[in-house]
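Here are my notes on this one, written as numbered points so you can check them against the coordinates as you go. Have it open in your viewer before you start.

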Amino acid sequence: MNRHWIKLVILVVFLSVLSISFSKEATAPSKLAPPEYLQWKDQVEALLQDKPYVLPAYDPNLGPIAFVNNESSPARLSFELYRSDTYSLSKKAPKSRTLHDFYFAFSWDQKGVELSDSELLHRFTGLEAMTQPNRNKVDETTSLIHDSILEYREDHLKIYQSLDGETQEQNKDLQRAILAILKENAIKNAQVEIVNLERKTNLDFHLIIRDQLVKIQFAVDKHASADTTKELQHYLGDLHKLNGSP
């Protein structure tokens with residue numbers, strides 16, 4: 001083997017090793033759920049049994065999750081998920097939790113009731129629940145509640161947000177994505193609150209499914225993008241199965 005050929009072989013091997021090294025450094029977290037997560041999910045499913053519920057899909061970037069069981073009875077279910085050091089199940093939220101640790105909340109009630117305008121006003125503004133809102137119809141799809149909350153509706157699908165123009169412009173794509181996912185999952189009666197914060201957007205889904213109330217709370221990136229729909233699908237999961245719940 002001549003000297004030039006040897007040099008070429010060495011160079012090819014070196015570049016190959018270098019490429020593998022770079023690819024390892026740039027590798028994203030594995031999308032495959034670890035055994036700890038699978039064991040945790042089995043425990044959650046065994047605890048919830050046949051009750052209607054939704055869990056977010058596995059997120060390799062999130063890390064361990066603490067499941068906090070607030071209530072579980074024949075007529076009601078309520079739980080929250082928090083970022084944690086280990087996968088766990090408990091009846092109390094982690095003692096050292098912060099707002100950042102909150103990840104997802106779900107509740108189900110056999111008796112489903114829509115949010116009233118007074119309740120919406122209180123949730124958005126903090127005004128007393130007894131304050132009577134003044135509802136004004138803008139057009140066939142839009143109404144104002146107490147001059148501070150904008151309601152957009154398509155049949156019985158309703159989305160609420162603050163009245164200011166900047167917020168409405170920011171939420172355009174998000175609103176479309178929410179409506180599309182609800183329709184894809186055959187959800188016919190829903191109230192969704194969009195609350196824009198400094199670094200994220202909080203979403204509160206209030207769904208009436210087969211006369212039962214389902215509430216799901218989580219947050220997405222502040223600015224809607226092509227990934228927002230993926231985020232929504234990740235958190236909402238397969239809502240079809242709630243339509244078939246006893």
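1. Strand 11 (212-221) is the biggest contributor to the lining of the largest pocket, giving 5 residues. Keep in mind that this is a predicted model. The pocket itself holds about 1,000 Å³ of space. Of its 27 lining residues, R83, K200, A219, V220 and Y235 sit closest to the centre. Elements giving two or more residues to that lining are strand 4, strand 9 (190-196), strand 10 (200-209), strand 11 and helix 6 (228-236).

2. If you plan to put probes in there, look at the chemistry of the wall. The lining of the largest pocket splits into 11 nonpolar, 5 polar and 11 charged residues.

3. Now the cavities. A search of the whole structure turns up 2 of them at 30 Å³ or more, and the largest has about 70 Å³ of space. Its lining comprises Y37, W40, P56, A57, Y58, D59, L62, G63, I65, L81, Y87 and Y103. By class that makes 10 nonpolar residues, 1 polar and 1 charged.

4. On to the sheet. It is an open one, built from 11 strands in the order 3-1-2-4-11-10-9-8-7-6-5, with mixed pairing. Strand 3 (88-90) and strand 5 (135-137) are the edges, each pairing on one side only. From one strand to the next, the twist averages 20 degrees. As a reminder, strands of a sheet pair through backbone hydrogen bonds, in either a parallel or an antiparallel sense.

5. Strand 1 (residues 65-72) and strand 2 (residues 76-83) run antiparallel and are joined by 7 bridges. Within this pair, S72 faces L77 of strand 2. L77 comes up again as a contact of S107, a residue of strand 4 (residues 102-109).

6. Is S107 buried or exposed? S107 counts as buried because its relative accessible area is 16%, and the cut-off for buried is under 20%. Setting aside neighbours within four places in sequence, S107 touches L77, S78, L213, V214 and K215.

7. At the strand 5 end of the order, strand 5 and strand 6 (142-145) pair antiparallel over 3 bridges. They form a hairpin with 4 residues between them, and K137 has S143 of strand 6 as its bridge partner.

8. Strand 6 also runs antiparallel to strand 7 (149-154), the two being joined by 4 bridges. Here T142 is bridged to Y152 in strand 7. That hairpin has 3 residues between its strands, and H146 adopts a positive phi near 60 degrees in it.

9. What covers the faces of strand 6 is worth a look in the viewer. Both faces are covered, with T142 and L144 buried on one side and S143 and I145 buried on the other.

10. Finally, the helices over the sheet. Helix 3 (residues 117-125) lies across strand 5, strand 6, strand 7, strand 8 (157-162), strand 9 and strand 10, and makes an angle of about 20 degrees with strand 9. Helix 6 lies across strand 4, strand 10 and strand 11, running at about 140 degrees to strand 11. Helix 6 and those three strands are also among the elements that give two or more residues to the lining of the largest pocket.

Definitions and conventions. Residues numbered from 1 in each chain as written. Predicted model: local features only at pLDDT ≥ 70, side-chain atom pairs only at ≥ 80, totals over all residues. Heavy atoms only, no water. 1 Å grid on protein atoms, 1.4 Å probe; cavity = no way out; pocket = protein on both sides within 12 Å on 5 of 7 lines; lining within 4 Å. Points joined across faces, edges and corners; volume = space filled by probe spheres on them. Nonpolar A, V, L, I, M, F, W, Y, C, P; charged D, E, K, R; others polar. Buried < 20%, exposed > 50% of the residue type's maximum accessible area, 1.4 Å probe, protein only. Contact = heavy atoms within 4.5 Å. Pairing = 2+ DSSP bridges. Axes fitted to C-alpha atoms, helices over the stretch in contact; angles between N-to-C directions.
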